[in-house]
Amino acid sequence: MFGSLGIYNYRLYASGQIISLVGVWMQRVAQDWLVLELSNGSPIALGFAASLQFLPVLLLSMWGGVLADRMDKRKLLLWLESALGICALALGILDVTGVVELWHVYLLCLLLGAFSAVETPVRQSFVVEMVGRDQLTNAVAINSMMFNLARIIGPAIAGVTIVAIGTGWVFLANAISFVGVVGGIWLMRTTQLLRSDPLPREKGQLLSGLRYVRSRPDLMTVMLLVFFIATFGMNFYMTLAIMARNVFGGDADAYGLLSTLIAVGTLAGATLAAKRKTPKMSVFIGSGVIFGILEVISGLMPTMLLTGLMMIPVGVAMMTFNTTANATIQLAVEPEMRGRVMGIYMLVFMGGNPVGGPLMGWLGEINGRAPIIIGGAVSTLVTITAWIILTRRGDIGKPRLRRQQQSPTEALPEPAEATN
């Protein structure tokens, strides 16, 4: 289950990443709550903040993929992670000093989104350089385990901290946490990275990535489903805040509790995914259907406790869907295309939020339960439609995984420290 942690560089990366991710999740809760406080509880304001944070994905994520294919990913990540930490530091100083206004949060959401839009495809495509193809599926699952372990710890700490001393100190703690991930990347042994040769700078590389994905029906199927479910079904950063405050009349600690419970489920889903060696299309489709149905049921629960308990199986299904999609995409492409394809993947995964965020915020103004119920219904409908199409085409088994030729670097045996 933990095979990729036997690799020295990945151990360093994972150690720093878990510290940083706890801070990131603390900031997510604090940022949402700060927006609600500054806007007198407006779901539309919360949706607008989410749109600003995810809007740069539409413009920059594919270019981030191009940079990942052209440049040294490790050096690029050092700069990008540092920039993300500076954004958290700025928001923390504004909040602690008592001068923060809603437009400050909106501006920093936009800047944070811009850096994240470039950083995410670079980081995603860097994983295979640390662990190689044989351990990629395991490393993707462990990344998800770390992400969701932090999702349990971070919101719980944030909820208590916000009530005790306010949101500003949460942002400052997140800024400090970036020291861990930057330090881990800095200390890596570069000679042990399994790098592919960087692409020379040429015109049309972005368009060639788009044409490549369009020519692959298997990739298109995964991308389209990820787009619809992520846009309409995975808005928990907003829908849980609306449910906690406007439906159940709770405080920041109630939102933190709901976020923690869904993270328990996603951690369990990621743990199960770490045991699977090869992604299967049947698992991908089935988890999407189950996720949508469970989300609808959770939105109908009469109490916050029952809603929270339903979040656990929702999280299991959601993480099974996400990890299968990610591993399928990365294993199905050639190394020289991986950065650009992951840029497109992150575009469809997060790029729908500028539309889904305001739409779900508007629905939340009408009825606090509507966003989660409608999001689950849309997820169920589109996945069942894809299931029917794939079954008729006979493609419901394993996805088409590339047997890639190894680059000269990848063909070398791994050093002793990299063995399990």
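# Rings, a core and a pocket

Biologist: Let's start with Phe227: is it buried, exposed or partly exposed?
Modeller: This is a predicted model, so everything here is computed from it. The relative accessibility of Phe227 is 29%. Buried needs under 20% and exposed needs over 50%, so Phe227 counts as partly exposed.

Biologist: And which class does Phe228 fall into?
Modeller: Phe228 comes out at 32% relative accessibility. With the limits at 20% and 50%, that value makes Phe228 partly exposed.

Biologist: How many aromatic pairs does the structure hold, and what kind of pair do Phe227 and Phe228 form?
Modeller: The structure has eight aromatic pairs. For Phe227 and Phe228, the ring centres are 5.3 Å apart and the planes make an angle of 80°. An angle over 60 degrees is what the label calls for, so this pair is edge-to-face.

Biologist: What about Phe236 and Phe291: which parts of the chain does their pair tie together?
Modeller: Phe236 and Phe291 also pair edge-to-face, with 6.2 Å between centres and 90° between planes. The two residues are 55 apart in sequence, so the pair links separate parts of the chain. Phe236 belongs to residues 236-247 and Phe291 to residues 281-299, which are helices α9 and α11.

Biologist: Are Phe236 and Phe291 buried or exposed?
Modeller: Phe236 has a relative accessibility of 2%, and Phe291 has 0%. Buried means under 20%, so Phe236 is buried and Phe291 is likewise buried.

Biologist: Going back to Phe227 and Phe228, which residue forms one aromatic cluster with them?
Modeller: Phe227 and Phe228 are an aromatic pair. The cluster has one further member besides those two, namely Phe232.

Biologist: Which residues touch the most other members of the largest nonpolar core, and which helix gives the most to it?
Modeller: That core holds 126 residues, and Tyr10, Met130, Phe236 and Phe284 touch the most other members. The biggest contribution, 14 residues, comes from residues 8-38, which form helix α1.

Biologist: What does Tyr10 touch, setting aside residues up to four places away in sequence?
Modeller: Tyr10 is one of the core residues with the most contacts to other members. Among its partners are Ser4, Leu5, Asn143 and Met146. The others on the list are Met130, Val131, Ala139 and Ile142.

Biologist: Gln17 is in helix α1; what does it contact beyond its neighbours within four places in sequence?
Modeller: Gln17 has 7% relative accessibility, so it counts as buried. Leaving those neighbours aside, the residues in contact with Gln17 are Arg123, Met146 and Val181.

Biologist: Now the second largest pocket: which elements give two or more residues to its lining?
Modeller: The pocket has a volume of about 230 Å³. Twelve residues line it, with Thr221, Leu224, Leu225, Ala386 and Ile389 nearest its centre. The elements giving two or more residues are α8 (217-232) and α15 (370-393).

Biologist: How do those lining residues divide into nonpolar, polar and charged?
Modeller: Leu224, Leu225, Ala386 and Ile389 are among the residues nearest the centre, and Leu, Ala and Ile count as nonpolar. The split for the lining is nine nonpolar, two polar and one charged.

Biologist: Gly368 sits in the loop between α14 (353-366) and α15; how far apart are the C-alpha atoms of Gly368 and Phe248?
Modeller: Gly368 counts as buried, at 15% relative accessibility. Its contacts, leaving aside neighbours within four places in sequence, are Ile242, Met243 and Val247. Gly368 and Phe248 are 120 residues apart along the chain, and their C-alpha atoms are separated by 9.4 Å.

Biologist: Which residues does Glu365 touch, not counting those up to four places away in sequence?
Modeller: Glu365 is in helix α14 and is partly exposed, with a relative accessible area of 41%. Its C-alpha atom is 11 Å from that of Leu46, which is 319 residues away along the chain. The residues Glu365 touches are Ser42, Pro43 and Ile44.

Biologist: Last one: how far is Pro335 from Val128 in space, C-alpha to C-alpha?
Modeller: Pro335 is in the loop between α12 (304-331) and α13. At 12% relative accessibility, Pro335 counts as buried. Pro335 and Val128 are 207 residues apart in sequence, while the distance in space is 9.2 Å.

Note on methods. Residues numbered from 1 in each chain as written. Predicted model: local features only at pLDDT ≥ 70, side-chain atom pairs only at ≥ 80, totals over all residues. Heavy atoms only, no water. Core = buried A, V, L, I, M, F, W, Y, C linked by side-chain atoms within 4.5 Å. Buried < 20%, exposed > 50% of the residue type's maximum accessible area, 1.4 Å probe, protein only. Helix = DSSP H or I, 4+ residues; strand = E, 2+ residues; numbered from the N terminus. Contact = heavy atoms within 4.5 Å. 1 Å grid on protein atoms, 1.4 Å probe; cavity = no way out; pocket = protein on both sides within 12 Å on 5 of 7 lines; lining within 4 Å. Points joined across faces, edges and corners; volume = space filled by probe spheres on them. Phe/Tyr/Trp six-rings, centres within 6.5 Å; stacked < 30°, edge-to-face > 60°.
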